[in-house]
Number of protein chains: 2
Amino acid sequence: MEHKAISLEDKFGKFSDQWSPKIIARMNDYEFKIARVEGEFIWHSHPETDETFLVIEGNLILEMRDGEVHLGPGELFVVPRGTEHKPRAVRECKLMLIEPVGTPNTGDAGGSRTAMQDVWV
Amino acid sequence: MEHKAISLEDKFGKFSDQWSPKIIARMNDYEFKIARVEGEFIWHSHPETDETFLVIEGNLILEMRDGEVHLGPGELFVVPRGTEHKPRAVRECKLMLIEPVGTPNTGDAGGSRTAMQDVWV
């Protein structure tokens, strides 16, 4: 078996669409996904799971009902399960998400901004 | 509740010992740990779980019985459960580990290099 490092930079080079997380690796029942985001997302929560955001490049704001967290490169935040949040970024931000397999990007909110699942890059 | 980003750089500034992973965040039953490593570790495996390595700074080699993977900054690799591996780094490497709560650094090998669990930084 050939073993190969997964380069975030290489993977980001393979797509340009925003708000559409792509899977780059799997660990047990969890997935590592990367996404490009810019502008505002929608309010939503994940009732069944925590969700981790790690910023790779740029800046991300995670609005929550009781405050917001600002993330720059090399900073992470775990949104607790059931906590409503709305990500936004003034300029394009590259981030990594870590969450259980099958976690939809819009959580319990659904709607038109729900991205396709199971898309690898 | 105050929400605060977790800065990898800040967290690495709080310790200097090597081969002793420190927890920086928890997501469901998983932990994010950071470690400084240099030199060779021991052969071991984790029979119950995959284990993710993400290099933050420096270079890491993960030796496996059938090959090795070289990781630089921004590169990750998921060691499959039950796969024997031996991390090594020529110069100090800063890395992040993602794995289930209670996963010992020496896996099934045990011994003198087993680090204390549940140490947060």
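Where in chain A is A:Asp118 found? It sits in the segment after strand S8 (85-100) of chain A. Keep in mind as we go that this is a predicted model.

Let's stay with that residue for a moment. Is A:Asp118 buried or exposed? It has 9 C-beta neighbours inside 10 Å, so it counts as exposed; the cut-off for that label is 12 or fewer. You can also look from A:Asp118 to A:Gly102: the two are 16 residues apart in sequence, and their C-alpha atoms are 7.6 Å apart in space.

Now step back to the whole of chain A. Its secondary structure comes to 1 helix and 8 strands. Walk along from the N terminus and you meet them in the order β-α-β-β-β-β-β-β-β. As for overall dimensions, the C-alpha atoms fill a box of roughly 50 × 30 × 25 Å along the principal axes. A compact globule with 121 residues would have a radius of gyration near 14 Å, and chain A agrees because its own value is 14 Å. Inside, 36% of the 121 residues count as buried. Take the contacts in chain A with a separation of 6 or more, and 66% of them turn out to be between residues 24 or more positions apart.

Next comes the partner. How many residues of chain A are in contact with chain B? There are 31, and they meet 31 residues of chain B. On the chain A side, several elements each supply at least two residues: strand S1 (6-7), helix H1 (8-12), strand S2 (22-27), strand S3 (30-40), strand S6 (67-71) and strand S7 (75-79). S6(A) gives the most, with 5 residues. Sort this side of chain A by character and you get 15 nonpolar, 8 polar and 8 charged residues.

One of those strands deserves a closer look. S7(A) is joined by 2 bridges to strand S1 (residues 6-7) of chain B, and the two run antiparallel. Within S1(B), B:Ser7 stands opposite A:Glu75.

Finally, how do the two chains relate to each other? A rotation of 180 degrees, with 0.0 Å of shift along its axis, superposes chain A on chain B with an RMSD of 0.0 Å. The two copies are therefore related as by a two-fold rotation axis. The contact side fits into this story too: 100% of the interface residues of chain A are also interface residues in chain B, so the copies meet through the same surface.

Note on methods
Residues are numbered from 1 along each chain as its sequence is written. Chains are lettered from A and ligands numbered from 1 in the order in which they are written. This is a predicted model: local features need pLDDT of at least 70, side-chain atom pairs count only at pLDDT 80 or more; totals for chains, interfaces and linings use all residues. Two residues are in contact if their C-beta atoms, placed from the backbone, lie within 7 Å. Helices (H or I, at least four residues) and strands (E, at least two) are DSSP runs, numbered from the N terminus. Ala, Val, Leu, Ile, Met, Phe, Trp, Tyr, Cys and Pro count as nonpolar, Asp, Glu, Lys and Arg as charged, and the others, Gly among them, as polar. Two strands pair if DSSP finds at least two bridges between them. The radius of gyration is taken over C-alpha atoms; the globule rule is 2.2 Å times the number of residues to the power 0.38. A residue is buried if 20 or more other C-beta atoms lie within 10 Å of its own, exposed if 12 or fewer, and partly exposed in between; C-beta atoms are placed from the backbone. Copies are superposed by least squares on the C-alpha atoms of residues with pLDDT of at least 70 in both.
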